[in-house]
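I opened my notebook today to look up a few things in this structure. My entries follow, in the order I made them.

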Amino acid sequence: MGAWFRMTMFLSDFGVLRLRGTGGVSRARLVARTSCGLVLGALVSAGSMSVFAQSAPVAPAAKVVPVDGNAAGDAPDDPGPLATGLSAELKPKAIDAAIKKVADWQVVYAEPHFNKQWTFAALYDGLLAASKTTGDPKYRDAVLHLAERSEWTLLDARFPHADDQALGQAYLDLYRDDTQPVRMADTKAIMDRLIVREDDPDKLLWWWCDALFMSPPVLSRMYAITKDRKYLDYMDREWWRTSGSLYSPEEHLYFRDSRYFTKKQENGKPIFWSRGNGWVMGALVNVLRIMPADYPSRPKYVAQFREMAERLAAIQSPDGLWRSGLLDPESYDLPEVSGSAFFTYAMAYGINEKILDRKTYLPVVERSWKGMLGHIYADGRLGSIQPIDGQPGKFKPSASYVYGVGGFLMAGSEMHRLAASKR
C-alpha cells in the first residue's frame, strides 16, 4: 500500500479555560487563548509506515502515538473499473450482495495488517455486523483471530485517550457471544480505571467529537454486561460535557474540536467535518441501542439524534451523499463516503427504531445507499473515503480506508433490517 499524507498537527497552549455550566469549554475564552498556539507541520513520505493519530490540540508534553496509515488504506492511481451488477433496490438480497462484495475484498486486502489502533475499530464493528446480517461467519472470524492474536488487550500507552479504547467495543460484543472472562478482562480493567478518574476542570476528557464513537459505546457495553450503572453514568456525564462544548445549538452539528469555533469554509460558513459528525451519529446509535428506555437522560440523546438527522437530511447532496465540509459542498469535487456511511447507518437505525419518521427519512437513506454503491469498484474496493485527518480535505476517487468500510458495513446491516421490515 502506497498511501502518503501531509498531516498538520496543531499544538495549542490553551492555558486555563473557564467551563460553562454545562461542563463545556467556553468558546469565547478559548479563542482569546489560542493566539498562543503552535503549529507543527508534518510530512509523511511514501516510504513511511505511519502518520500521526487524530491531529488535534494537545498539551506540548503529551505522547504522540503514530498510526500505521499505510495499513489503514490507500489511494492507487488505477483502481480498475467500477462494479456493475449491484442493485440499489431496498431488498435484503441486493443489500447483502453489496455487503459481501465490499467485506470480501476488505478482509483479503487488509487482514494481514489488522491491528489494535482506532483506525480499524469501526471496521471490526462493521465486520461483526456483516456476519450477523449475511449469516457468513468469516467476517466475524477475521475479527476473532485479531482479538486472539492481541490476547484481548487494548493499547494503553496514553491513558485515558479514547482512541485506544475503541477496540473494546468489538471485544465486548464478542464476549457477549461467548462469555469467556479473558475476552473482557483487559477492557474492564481500563474502563474501571477510567470511571474513577477525576475530571480536569481545564480540559475535557473527550475534547474531539470523534472520541464519542471511541469510548462511550465501550462504557455502555460494560453496563450491558455487568448491569452496573456506574459505567453508564460516567459515560453520560462526560458525553454532555463534550456536547456542551462542541455541539452547535444553532447548526445542530458538532465542531470537530475547539480549533474550529471560529474557522470558516471558503464560502464563509463554519467548518463542520463530515466524518467527525459521522462518528457522533454512529456513537449515538451504539449508545441508544443499549441505553435503557427509562434512563433519565435518554430523551436528551434522542433529541440530539433527531436534531442532527434533520440537519443532515436538509444538506444531503443530489447524488445522495455528503461532502467532507458539510456546509460548503461546492468546495469539494467528491462526496465523502465514510461520513455518508455513518449518516446512513444512523438514519436507517432511527427509522427501524421509530425514532425517525419513516416517510421523511426513507428517501434520504435510499439515496445515500444508492450513492455509496456508485463508489464500489469491480474488485470490491469502496472508494471516495477521506484519508486519516481531523478536518475536511480532498482526496482521490480511489481512496479507501478501513473505518469508512466499517461504516458502510454497519449501514448495510441497518439497510438490510429496514428492507426486511414491514412498511
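**Entry 1: a salt bridge at Arg183.** I began with a side-chain pair: Arg183 and Asp178 meet in a salt bridge, at 3.7 Å from N to O. This is a predicted model, which I keep in mind throughout. Next I checked how covered each partner is. Arg183 has a relative accessible area of 4%, so I noted it as buried, being under 20%. Asp178 comes out at 32%, which makes it partly exposed.

**Entry 2: helix 7.** Arg183 is one of the buried residues of helix 7, so I followed that helix along. It runs over residues 182-195, 14 in number, and spans 21 Å from first to last C-alpha, close to the 20 Å expected. Besides Arg183, I listed Met184, Thr187, Ile190, Met191, Leu194 and Ile195 as buried. What do these buried residues pack against? I found helix 5 (138-149), helix 6 (168-177), helix 9 (216-226) and helix 10 (229-246).

**Entry 3: helix 6.** Helix 6 had just turned up as a packing partner of helix 7, and I went there next. I found helix 6 mostly covered, with 8 of its 10 residues buried. I wrote them down as Gly168, Gln169, Ala170, Tyr171, Leu172, Asp173, Leu174 and Tyr175. These residues pack against helix 4, helix 5, helix 7, helix 9 and helix 11 (274-288).

**Entry 4: the second largest pocket.** I looked up its volume and got about 420 Å³. Its lining has 18 residues, and the closest to the centre are Ala129, Lys132, Asp173, Arg221 and Arg289. I recognised Asp173 from my list of buried residues in helix 6. Helix 4 (118-134), helix 6 and helix 15 each give two or more residues to this lining. Which element gives the most? Helix 4 does, with 5 residues. By residue type, I noted 9 charged, 5 nonpolar and 4 polar in the lining.

**Entry 5: a pair in helix 15.** Helix 15 helps to line that pocket, so I looked for a salt bridge there too. Arg417 and Glu414 form one, at 3.1 Å from N to O. Why might these two be placed to meet? They sit 3 residues apart in helix 15 (residues 402-420), about one helical turn. An α-helix has 3.6 residues a turn, so residues three or four places apart point the same way. Is Glu414 buried or exposed? Glu414 is buried at 3%, while Arg417 is partly exposed at 31%. I also noted a network joined by salt bridges with shared partners: Arg197, Asp199, Arg237, Glu238 and Arg241.

**Entry 6: the tally.** I added another pair, Lys230 with Asp228, at 3.8 Å from N to O. Lys230 is partly exposed at 39%, and Asp228 is partly exposed at 30%. How many salt bridges are there? The count comes to 31.

**Entry 7: Ser324.** My last look was at a loop residue: Ser324 lies between helix 12 (298-314) and helix 13 (337-352). At 1% relative accessibility, Ser324 counts as buried. What touches it, leaving aside neighbours within four places in sequence? I listed Phe272, Trp273, Ser274, Tyr332, Glu336, Gln386, Gln391, Pro392 and Gly393. I also noted that Ser324 and Val337 are 13 residues apart in sequence, with 8.8 Å between their C-alpha atoms.

Definitions and conventions
Residues are numbered from 1 along each chain as its sequence is written. This is a predicted model: local features need pLDDT of at least 70, side-chain atom pairs count only at pLDDT 80 or more; totals for chains, interfaces and linings use all residues. Side-chain values use heavy atoms; hydrogens and water are left out. Helices (H or I, at least four residues) and strands (E, at least two) are DSSP runs, numbered from the N terminus. The expected span of a helix is 1.5 Å times one less than its number of residues. Buried means under 20% relative accessible area, exposed over 50%, partly exposed in between (1.4 Å probe, protein chains only). Contact means heavy atoms within 4.5 Å. A salt bridge is a side-chain nitrogen of Lys or Arg within 4 Å of a carboxyl oxygen of Asp or Glu. On a 1 Å grid over the protein atoms alone, a cavity is a set of points where a 1.4 Å probe fits but cannot get out, and a pocket is an open set with protein on both sides within 12 Å along at least five of seven lines; lining residues have an atom within 4 Å of a point. Grid points are joined across faces, edges and corners, and a volume is the space filled by probe spheres set on the points. Ala, Val, Leu, Ile, Met, Phe, Trp, Tyr, Cys and Pro count as nonpolar, Asp, Glu, Lys and Arg as charged, and the others, Gly among them, as polar.
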